[in-house]
Amino acid sequence: MAVPLKVSFIIITYHRGPLLLQCLQSIYEQTNLPYPCEVIVIDNGGDVNVPSPENPNFHLRVEKPEANLGVAGGRNLGMRYAQGEYWIILDDDATWHDNLDAARLVKNIDDDPTCGAVAIQILDPDGRQVETLLTHPDKASVRDAAQTVEVPYFYGGGHILRAKAVQQVGDYPERFFYAMEEIDLALRLIDAGYRILYDPAVAAYHHTNQTGRTVYGEAYWKRNALNKSRVGWRLLPHPYPITIML
């Protein structure tokens, strides 16, 4: 009889083989999890060679779509394959900051049945907090948080989702391709009655790398502005959508 899975890790990658291997190694070093865990890699570039994990507690699945599905489409494909009750998503250029990070995320969502997602702290490679990636519009209010607090959204660099909640509200908006897809999902989770938490004790190092990026420079900011407008007009009550245009 198959053992029910509680945790699925989902990573999308695009032409970042060496960084992906570092990311996966940091996952395989996670402890105190409800094993077995599955790790799903969506290779949007179709060119990575991913060896099987040496840790028998983790089962690896690699999928190579025929085309680059983008961030939203890639995550959605990973979530469609995922069998876990919780989905932990980590960027392919990120690594966990210690081996209990994933276990802390699971405990947060286990302890609160109203929790739909938990955000994490993002650090630069030297261990400094990246303040722009704090998951609150008032960065100062969570900058020095010492315990888990409720926040209005999460970022894609690292987070955990309750599968049941996402299946209820719908997955990432694939027309976005990249940018603002997490905000869109966060607002729908909140609208459905779920809470989003930020746990400052959970962190990942973000090894920012332009390799594999297809949207950057002026195009990056245009994409953010367009998708921000889409989120506002679809999900915010009037007159709030007007304010995002100012």
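Tyr35 counts as partly exposed, because its relative accessibility is 31%. Keep in mind that this is a predicted model. Tyr35 is also a good way into the structure, since this residue joins Phe9, Tyr28 and Phe58 in one aromatic cluster. From there we can move on to the cores, the helices and the chain as a whole.

**The aromatic cluster**

- The chain has 4 aromatic pairs in total.
- In one of them, the ring centres of Phe9 and Phe58 are 6.2 Å apart and the planes meet at 55°, so this pair is tilted.
- Phe9 belongs to strand S1 and Phe58 to strand S3 (residues 58–63), so their pairing ties together parts of the chain 49 residues apart in sequence.
- Phe9 is buried because its relative accessibility is 0%, and Phe58 is buried too, because its value is 2%.
- Tyr35 and Phe58 make an edge-to-face aromatic pair, with 5.9 Å from centre to centre and 75° between the planes.
- This pair also links distant parts of the chain: Tyr35 sits in the loop between H1 and S2, while Phe58 is in strand S3, 23 residues apart.

**Another ring to look at**

- Away from that cluster's list of members, you can find Arg75 over the face of Tyr172, 5.4 Å from the ring centre.

**The nonpolar cores**

- It helps to know that nonpolar side chains tend to be buried together in soluble globular proteins.
- Here the largest nonpolar core has 33 residues, and those touching the most other members are Phe9, Leu24, Ile27, Val39, Ile88 and Trp96.
- At least two residues of this core come from each of S1, helix H1 (17–28), strand S2 (37–43), S4, S5, H3, S6 and S9.
- A second, separate core has 31 residues, including Val71, Ala163, Val166 and Tyr198.
- Beyond its neighbours within four places in sequence, Phe9 has a list of contacts that includes Ile27, Leu33, Val39, Phe58, Ile88, Trp96 and Ala102.

**Two helices to find**

- Helix H3 spans residues 101–111, and its buried residues are Asp101, Ala102, Ala103, Leu105, Val106, Asn108 and Ile109.
- Those buried H3 residues pack against strands S1 (7–13), S4 (86–90), S5 (94–96), S6 (115–123), S8 (158–162) and S9 (195–206).
- How many of the 11 residues of helix H6 (residues 181–191) are buried? The count is 8, so H6 is largely enclosed by the rest of the structure.
- The buried residues of H6 are Glu181, Glu182, Ile183, Asp184, Leu185, Ala186, Arg188 and Leu189.
- Just after H6 comes Gly193, which takes a positive phi of about 100°.

**Cysteines**

- Cys23 counts as buried because its relative accessibility is 0%.
- Cys115 is buried as well, with a relative accessible area of 0%.
- The structure contains 0 disulfides.

**The chain as a whole**

- The chain has 8 helices and 9 strands.
- Its length is 246 residues, and 49% of them count as buried.
- Among contacts with a separation of 6 or more, 73% are between residues 24 or more positions apart.
- The accessible surface of the chain is about 11,800 Å², and carbon and sulfur atoms account for 53% of that area.

Key. Residues are numbered from 1 along each chain as its sequence is written. This is a predicted model: local features need pLDDT of at least 70, side-chain atom pairs count only at pLDDT 80 or more; totals for chains, interfaces and linings use all residues. Side-chain values use heavy atoms; hydrogens and water are left out. Buried means under 20% relative accessible area, exposed over 50%, partly exposed in between (1.4 Å probe, protein chains only). Helices (H or I, at least four residues) and strands (E, at least two) are DSSP runs, numbered from the N terminus. A disulfide is a pair of cysteine sulfur atoms within 2.5 Å. Contact means heavy atoms within 4.5 Å. Accessible areas come from the Shrake-Rupley method with a 1.4 Å probe; for residues, only the protein chains shown count as cover. A nonpolar core is a set of buried Ala, Val, Leu, Ile, Met, Phe, Trp, Tyr and Cys residues joined through side-chain atoms within 4.5 Å. Rings of Phe, Tyr and Trp (its six-membered ring) pair if their centres lie within 6.5 Å; planes under 30 degrees apart count as stacked, over 60 as edge-to-face and the rest as tilted. A charge sits over a ring if NZ of Lys or CZ of Arg is within 6 Å of the ring centre and within 35 degrees of the ring normal.
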